[in-house]
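Please open the model in your viewer and keep the selection panel at hand, since this tour goes from one selection to the next.

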Amino acid sequence: MLTLRIIERELRGDTVLLTLAHPEGHPLPAYTAGAHIDLHLGDGLVRPYSLCGDPADRSCYRLGVLKEPASRGGSRAAHALREGDCVQVSEPRNLFALAPDAGHSLLIGGGIGITPMLAMAAELQAAGRSWSLHYCVRSRSDAAFLSRLADEVWAGRVHLHFSDERRMVLAEVLSGLSPATHIYICGPQRLMDAVKEAGLAAGVPPEQLHQECFSADVSTGGRAFEVVAAASGVTVQVAEDQTIVAALAQAGIKVQVSCQQGICGSCLTNVLEGEPDHRDSFLTDEEKADGDQMLLCCSRARSARLILDL
C-alpha cells in the first residue's frame with residue numbers, strides 16, 4: 001500500500017482528473033501501459049482506475065474518473081477528493097498489457113475507456129513502435145482528454161469520433177490491417193462487442209484482440225453450496241443470495257476485492273476441488289474450462305462443494 005497526496009485536481013465535465021504523488025517527492029513504483037491502481041476510498045470502498053499518464057514519468061500517477069450516474073459509491077468518493085488530500089492506493093498491477101511482438105497496435109477507447117489508451121500511446125511512441133488511436137465519445141463537450149490528444153508528437157496517429165458529428169465506421173478503421181496487428185479496446189460493452197465481432201470477421205486472431213471492462217452486469221445469486229478454505233481449515237455455507245466473499249468474511253476470512261463485478265481479477269483464487277460456475281468477465285473461455293481458478297466476488301459453484309486454496 002502507498003499513501004499518496006493529490007497534488008492536482010481538474011474537473012472536465014463529468015470527469016475528474018487527479019494527479020497523485022508521494023508526499024515527500026519520492027519516485028513512485030514503475031508501471032507499464034495498461035496498468036491500474038486500486039484507490040481505497042474509505043468505508044471499505046476499493047475501486048480500480050487505469051493509469052493514464054506517461055509510464056516513463058515516475059514522479060506521479062494520473063487518473064481520470066467519470067462520475068457515474070449509477071455509482072455504487074466509488075466514483076462519487078473519487079470526485080469528492082480535493083487537492084492536498086491523502087489517499088491510500090495499491091501498487092500498480094497490469095492486466096491489460098501491450099503485446100511486445102505486435103507489428104502495429106490499434107487502440108480504440110470509448111468514453112472514459114480512453115484512459116489506458118493514453119498510457120499505451122505514450123509508451124508505444126517512446127519505443128518508436130507503430131500505433132494508431134481512435135477516441136469515440138458522444139460530443140466534444142464530453143471529451144475530457146482532447147488537449148492531451150492534441151500533442152503534436154502524436155499528429156496523424158490520433159483519430160476523433162463524435163457521435164453527434166460523425167460516428168466511427170468500423171469497416172474503415174479495420175480495413176487493410178496487417179496480420180501482426182493487435183487491437184486494444186476499452187469502453188462501453190456494446191463498443192467492445194462490436195469491435196471484437198468486426199475484428200474476428202476481418203480475420204484478426206482472437207489472441208490479438210484485447211479488451212478491458214470498466215463495468216459489467218453480473219448476477220451473483222443461485223443455488224446454495226458449501227465452500228472449504230483448505231489452508232485455513234474453515235468451511236462455510238454460501239446462501240442463495242450471498243457471494244463467496246461475503247460468506248468467507250462472516251467466518252473471519254478476508255478476501256481482497258476491488259471491482260466486485262468480476263472484472264479486475266483481485267479475488268482470483270485457485271480451486272482445488274469442485275466445479276465453479278463462472279460469472280466473471282476476467283478469465284478467458286479456456287481458463288474457465290480448466291476450472292482450476294475462479295473469481296470469488298461473483299462466481300458460484302455448479303457442484304455442491306468447492307475446496308479453495310485459502
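Begin by selecting domain 1 and domain 2 of this predicted model and displaying the residues at their interface, where 15 residues of domain 1 are in contact with 13 residues of domain 2. For the selection itself, the domain assignment places domain 1 at 2-94 and domain 2 at 104-212, with domain 3 following at 225-308. If you mark the centres of domain 1 and domain 2 over their C-alpha atoms, the two points are separated by 23 Å.

Next, add a surface to both domains: together they bury about 1,200 Å² between them, and 57% of that area lies on carbon and sulfur atoms. Within domain 1, pick out Arg12, Ala33 and Cys52, which supply 37% of the area that this domain buries against domain 2, more than any other three residues.

Which kinds of polar interaction should you look for across the interface of domain 1 and domain 2? Five residue pairs in polar contact are found there, both residues of each pair being at pLDDT 80 or more, whereas the count of salt bridges between domain 1 and domain 2 is zero.

Now colour the side of domain 1 that touches domain 2 by secondary structure, and highlight strand E2 (15-21) and strand E5 (61-66), the elements that give two or more residues to it. Strand E5 gives the most, with three residues. Recoloured by residue class, this side of domain 1 divides into seven nonpolar, six polar and two charged residues.

Finally, turn to the aromatic rings, among which three pairs are counted. Select Tyr31 and Tyr61, which form an edge-to-face pair at 5.8 Å centre to centre, with 80° between the planes. This pair links distant parts of the chain, 30 residues apart: Tyr31 sits in the loop between E2 and strand E3 (35-40), and Tyr61 belongs to strand E5.

Terms used: Residues are numbered from 1 along each chain as its sequence is written. This is a predicted model: local features need pLDDT of at least 70, side-chain atom pairs count only at pLDDT 80 or more; totals for chains, interfaces and linings use all residues. Side-chain values use heavy atoms; hydrogens and water are left out. Domain bounds come from an automatic or database domain assignment. Contact means heavy atoms within 4.5 Å. Buried area is the accessible area (1.4 Å probe) that two parts lose on being put together, summed over both. A salt bridge is a side-chain nitrogen of Lys or Arg within 4 Å of a carboxyl oxygen of Asp or Glu. A polar contact is a pair of N or O atoms within 3.5 Å; within protein, one must be able to donate a hydrogen and the other to accept it, and residues adjacent in sequence count only if both atoms are side-chain atoms. Helices (H or I, at least four residues) and strands (E, at least two) are DSSP runs, numbered from the N terminus. Ala, Val, Leu, Ile, Met, Phe, Trp, Tyr, Cys and Pro count as nonpolar, Asp, Glu, Lys and Arg as charged, and the others, Gly among them, as polar. Rings of Phe, Tyr and Trp (its six-membered ring) pair if their centres lie within 6.5 Å; planes under 30 degrees apart count as stacked, over 60 as edge-to-face and the rest as tilted.
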